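Hi,

Here is the structure I promised to pass on. Have a look at it first, and then read my notes below.

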Amino acid sequence: MPTIELLAPAKVNLSLLVGPRRPDGYHELVTVLNTISINDRLRLSLRPATDWRIRVSGRRPVDGYPTEAPALPSDTDNLAGQAATLFVEATNGRVPVSEVDVEIEKHIPVAAGLGGGSSNAAAVLAALNEHFGRPLTTGSLASLAARLGSDVPFFLVGGRAVGRGRGELVAPLGEGPGLPLVIGLPSFPLATPEVYRQFDRRGGPRTSLRQWLADTEDALALLQDALASGDLARVAGALRNDLAESAASLRPEVGPAVQALLAAGSRGATVSGSGPTVFGLASSWEEALGMAPRLTARGYRFVAASATTASVATPVTAPAVPGGAGASGHATKPHDAP
Ligand code: C5P
């Protein structure tokens with residue numbers, strides 16, 4: 001029974017510039033995403049069958065996982081199960097019928113702005129495609145990913161990238177220095193649609209789409225230059241999240257957690273995605289490691305993590321020995337510290 005072991009990384013948004021709501025209900029975005037060294041572990045087991053059967057189950061580590069987090073959806077309620085289903089439909093009889101079991105060991109908090117569910121889905125898509133001999137092109141995989149969610153295409157690539165459109169149009173950024181981060185992992189969830197609704201209620205971007213696009217390209221260029229230079233003070237100055245105030249207005253814990261990061265010496269700090277995860281930029285990896293355990297804020301646990309430009313590793317089919325040595329996959333090792 002082939003078993004494929006995968007690591008699916010979380011992301012932060014180094015910047016998230018949110019434009020007007022579009023006719024399809026999504027918001028126009030320009031965002032810089034970066035995978036970080038916090039991962040869910042996935043194990044895919046495949047066995048021959050007469051009918052397709054896709055099962056997804058999840059478990060959380062005993063310690064350190066958010067207490068108020070919602071239950072992990074199972075089977076096709078889980079985005080990873082939807083990813084497997086879409087893959088089977090798209091391959092349309094070109095791959096052998098199988099039972100697919102996906103076990104997710106969850107380390108990335110759910111509904112936290114870290115993209116955990118999206119990353120799990122991308123890892124399943126990439127691993128199944130690799131396992132069955134790449135029946136789908138990179139382009140087809142990316143369009144399946146976009147159907148699953150705006151962040152899913154990014155996780156097929158990983159590393160550091162710009163997302164445009166509703167986030168699904170991904171352009172990788174080149175190599176650049178890694179970033180030492182302190183991440184505030186929340187013990188409570190925030191629903192993404194609710195945060196975007198709050199953004200609209202608070203007046204949205206207050207400019208025309210044309211003006212917004214011009215402004216955001218300037219802001220993006222500043223961040224890109226700062227990232228390429230490795231000057232952490234400039235990177236810190238260019239961190240921005242247009243959903244931060246909306247998230248903070250929905251949960252009173254968010255603002256103080258950002259302030260705690262700044263007070264502890266972070267060079268810059270903001271919210272990731274639609275929150276409630278917060279993160280700060282440290283001056284060095286040693287500083288991030290030293291700062292994280294000293295930080296406290298109601299509803300948060302702080303950990304050090306790195307954000308590097310290394311892309312997600314191409315998954316490889318594991319040996320047909322269950323859990324066998326050498327089993328590897330999508331991003332098989334955490335990113336190295338910068
Ligand atoms: O694409 P995804 O399913 O992850 O989006 C979840 C929700 O977040 C959407 O239904 C929408 O309410 C909101 N969203 C948005 N604009 C985006 C991305 C997401 O309004 N660009």
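Before the details, one term: a polar contact here is a pair of N or O atoms within 3.5 Å. Ser150 fits that, as a polar atom of its side chain lies 2.5 Å from an oxygen atom of the ligand. Please keep in mind that this is a predicted model, so everything below is computed from predicted coordinates.

Two other contacts go with that one. The side chain of His27 has an N or O atom 2.7 Å from an oxygen atom of the ligand. With Arg166 it is the backbone that takes part: one of its N or O atoms lies 3.0 Å from a nitrogen atom of the ligand. On its own the ligand has 450 Å² of accessible area, and the protein covers 73% of that.

So what surrounds the ligand? Around it you will find Gly25, Tyr26, His27, Leu29, Gly149, Ser150, Arg166, Thr192, Pro193 and Tyr196. By type, that shell has four nonpolar residues, five polar ones and one charged. Which elements supply at least two residues each to the shell? They are β2 (27-48) and α5 (192-201). The biggest share comes from α5, with three residues. As for the space that the ligand takes up, it is the largest pocket.

Now for the chain as a whole. Its secondary structure amounts to ten helices and eleven strands. The radius of gyration is 19 Å, and the globule rule gives 20 Å for 338 residues, so the chain is as compact as a globular protein of that length. If you want a feel for the dimensions, the C-alpha atoms fill a box of roughly 55 × 45 × 35 Å along the principal axes.

Finally, two spots in the backbone to look at. Most peptide bonds are trans, and most residues other than glycine have a negative phi. Gly275 and Pro276, however, are joined by a cis peptide bond, with omega at about 5°. You can find Pro276 in the loop between β9 (268-271) and β10 (278-281). The other spot is Asn92, a non-glycine residue whose phi is positive, near 45°. Asn92 belongs to the loop that runs between α1 (79-91) and β4 (98-105).

Cheers

Key. Residues numbered from 1 in each chain as written. Predicted model: local features only at pLDDT ≥ 70, side-chain atom pairs only at ≥ 80, totals over all residues. Heavy atoms only, no water. Near = heavy atom within 4 Å. Polar contact = N/O pair within 3.5 Å; in protein donor to acceptor, adjacent residues only side chain to side chain. Areas by Shrake-Rupley, 256 points an atom, 1.4 Å probe, with all protein chains shown as cover. 1 Å grid on protein atoms, 1.4 Å probe; cavity = no way out; pocket = protein on both sides within 12 Å on 5 of 7 lines; lining within 4 Å. Sits in = over half its atoms within 2 Å of the grid points. Helix = DSSP H or I, 4+ residues; strand = E, 2+ residues; numbered from the N terminus. Nonpolar A, V, L, I, M, F, W, Y, C, P; charged D, E, K, R; others polar. Rg over C-alpha atoms; globule rule 2.2 N^0.38 Å.
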